[in-house]
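Please open the model in a viewer and keep the sequence panel at hand. The tour below proceeds by selection, and each stop states what is to be found there.

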Amino acid sequence: DTGLRAAARGTGTKIGTAVDMAALAADAPYAAAVAREFDTVTPENVMKWESVEPTQGTYNWGPADDLIRFARKNGQAVRGHTLVWHSQNPSWLTEANFTPAQLKALLRKHIFDEVGHFKGRIWAWDVANEVFNEDGTLRDTIWLRALGPSYIADAFRWAHQADPSAWLFLNDYNVDWISPKSDAYYNLIKSLRRQGVPVHGFGMQGHLGIQYGLPGDVLENVRRFDALGVKTAFTEVDIRMILPADSTKVQAQAEGFGLLLRACLLVRNCVSYTVWGFTDKYSWVPGVFPEEGSATPFDEQLQPKPAYDTLRETFLLA
Ligand code: G3I
């Protein structure tokens with residue numbers, strides 16, 4: 001028993017991965033690695049609104065239920081991802097089709113239906129995903145336009161009513177360091193908590209690229225959220241590079257994985273560290289950034305890379 005799961009035991013931080021449900025069904029070595037290496041699983045796509053309600057009023061819970069079953073069998077917690085987002089919404093959900101009042105009712109129903117369906121089986125929900133722009137202003141989305149800024153507080157209240165036992169997170173990318181965007185989250189969380197809105201955690205996705213540099217102030221950043229009294233988590237860590245990979249890049253990547261995990265282990269309440277896919281075989285990165293890849297801790301043959309060893313050693317030292 002020498003994997004990441006074993007190394008993380010007793011540290012107070014769970015190790016997790018995003019799961020590609022097609023791979024989980026078709027690729028037995030992939031499924032075995034998910035079970036062996038990880039304490040928590042996050043559906044990469046199958047809990048998103050377009051996936052669970054492709055036609056209005058017709059739910060498709062099957063793939064997500066499969067993941068819940070897999071997790072239960074393997075003693076894993078599930079991070080739910082994600083309830084309110086600007087992306088991967090169903091095609092029927094448009095401003096042309098509905099009034100603002102109808103959109104509000106639809107969002108409320110979506111949250112009650114989805115959180116209700118999985119009630120008691122989700123450890124933590126990414127309730128609101130990617131709500132800020134880089135400059136710290138609220139992102140212009142269907143929800144902001146129709147409901148105004150209060151859609152965020154409403155989403156958390158509805159989710160909490162639907163499953164009072166789930167931890168509720170805000171989640172975003174480019175917030176691993178101190179910036180106008182992470183400042184905006186800091187201020188939002190402070191203000192929501194002052195109003196009694198049930199926000200329990202801040203998720204830093206951790207999508208990095210070695211060519212952009214590593215977030216040297218990540219510990220300072222996580223610490224200030226920890227000091228607000230919320231849980232923190234790294235929720236989607238991957239560290240891409242310009243291809244081809246070489247040993248210098250792969251080493252820089254390993255340092256990045258270690259840097260984020262060390263920050264997590266050094267604060268009181270960083271509850272999980274999740275990689276956004278553990279193998280390059282199924283990573284989303286090359287599809288979106290054509291010259292880039294090699295972003296995960298296992299290669300395409302499911303062999304561990306230096307990043308894997310660094311994660312394991314960092315857990316073992318904690
Ligand atoms: O399901 C369809 C399939 O029917 C179709 O044949 C195929 C053809 O392109 O597309 C499939 O949908 C794709 C879906 O992933 C499932 O594989 C979409 O095109 C594709 O855009 C989608 O990409 C996902 C992306 O979110 C969408 O924004 C990635 O897999 C997923 O890794 C990525 O994850 C996001 C997090 O949710 C939020 N944070 C950033 C992160 C990376 O972008």
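What is the volume of the largest pocket? In this predicted model, the largest pocket has a volume of about 470 Å³.

**Stop 1: the largest pocket**

Select Glu130, Tyr173, Gln205, His207 and Trp284; of the 25 residues that line the largest pocket, these are the closest to its centre. Next, colour strand S7 (207-209) and strand S8 (231-242), the elements that each give two or more residues to the lining. S7 gives the most, with three residues. If the lining is coloured by class, nine nonpolar, eleven polar and five charged residues appear.

**Stop 2: strand S9 and its two partners**

Select residues 270-275, which form strand S9. Is S9 enclosed or open? Six of its six residues are buried, so S9 is largely enclosed by the rest of the structure.

Add strand S1 (residues 14-19) to the selection: four bridges join S1 to S9, and the two strands run parallel. To view one of these pairings, select glycine 16, whose bridge partner in S9 is threonine 274.

Now show S8 again. S8 and S9 are likewise parallel and are joined by four bridges. Here phenylalanine 234 has tyrosine 273 of S9 as its bridge partner. Follow the chain onward from S8: the path passes through helix H11 (residues 247-266) to S9, and this β-α-β crossover is right-handed.

**Stop 3: threonine 232 in S8**

Remain on S8 and select threonine 232, which is found in this strand. Threonine 232 counts as buried because its relative accessibility is 0%. Which residues does threonine 232 touch, not counting those up to four places away in sequence? Display Phe169, Phe202, Met204, Val222, Phe225, Asp226, Val267, Asn269, Cys270, Val271 and Ser272 to see these contacts.

**Stop 4: the loop after S8**

Move to the loop between S8 and H11, where proline 244 is found. Select leucine 243 together with proline 244 and inspect the peptide bond from the leucine to the proline: this bond is cis, with omega near 0 degrees.

**Stop 5: strands S3, S4 and S5**

A second cis peptide bond may be visited next. Select histidine 81 and threonine 82, which are joined by a cis peptide bond with omega of about 0 degrees. Threonine 82 has its place in strand S3 (residues 77-84).

Extend the selection to strand S4 (residues 124-129). S3 and S4 pair in the parallel sense over four bridges, and histidine 81 stands opposite aspartate 126 in S4. Adding helix H6 (residues 100-117) completes the picture, as S3, H6 and S4 make a right-handed β-α-β unit.

How many of the six residues of S4 are buried? Six of the six are, so S4 is largely enclosed by the rest of the structure. Then select strand S5 (residues 167-172), which pairs with S4 in the parallel sense over five bridges. Within this pairing, asparagine 129 has asparagine 171 of S5 as its bridge partner.

**Stop 6: the loop between S10 and H13**

Select serine 294, which has its place in the loop between strand S10 (292-293) and H13. Serine 294 is not a glycine, yet its phi is positive, at about 50 degrees. With a relative accessibility of 16%, serine 294 counts as buried, because the cut-off for that class is under 20% relative accessible area.

The loop between S10 and H13 also holds leucine 302. What is the value of phi at leucine 302? Phi is near 65 degrees, a positive value in a residue other than glycine. Leucine 302 is buried, with a relative accessible area of 13%.

**Stop 7: alanine 307 in H13**

Finish with helix H13 (residues 306-317) and select alanine 307, which lies within it. Is alanine 307 buried or exposed? At 0% relative accessibility, alanine 307 counts as buried.

Display Gln253, Ala254, Phe257 and Pro297, which alanine 307 touches when residues up to four places away in sequence are not counted. To trace one of these contacts, draw a distance between the C-alpha atoms of alanine 307 and glutamine 253: the two residues are 54 apart in sequence and 6.5 Å apart in space.

Notes
Residues numbered from 1 in each chain as written. Predicted model: local features only at pLDDT ≥ 70, side-chain atom pairs only at ≥ 80, totals over all residues. Heavy atoms only, no water. 1 Å grid on protein atoms, 1.4 Å probe; cavity = no way out; pocket = protein on both sides within 12 Å on 5 of 7 lines; lining within 4 Å. Points joined across faces, edges and corners; volume = space filled by probe spheres on them. Nonpolar A, V, L, I, M, F, W, Y, C, P; charged D, E, K, R; others polar. Buried < 20%, exposed > 50% of the residue type's maximum accessible area, 1.4 Å probe, protein only. Pairing = 2+ DSSP bridges. Right-handed = clockwise from strand over helix to strand, strands pointing away. Contact = heavy atoms within 4.5 Å.
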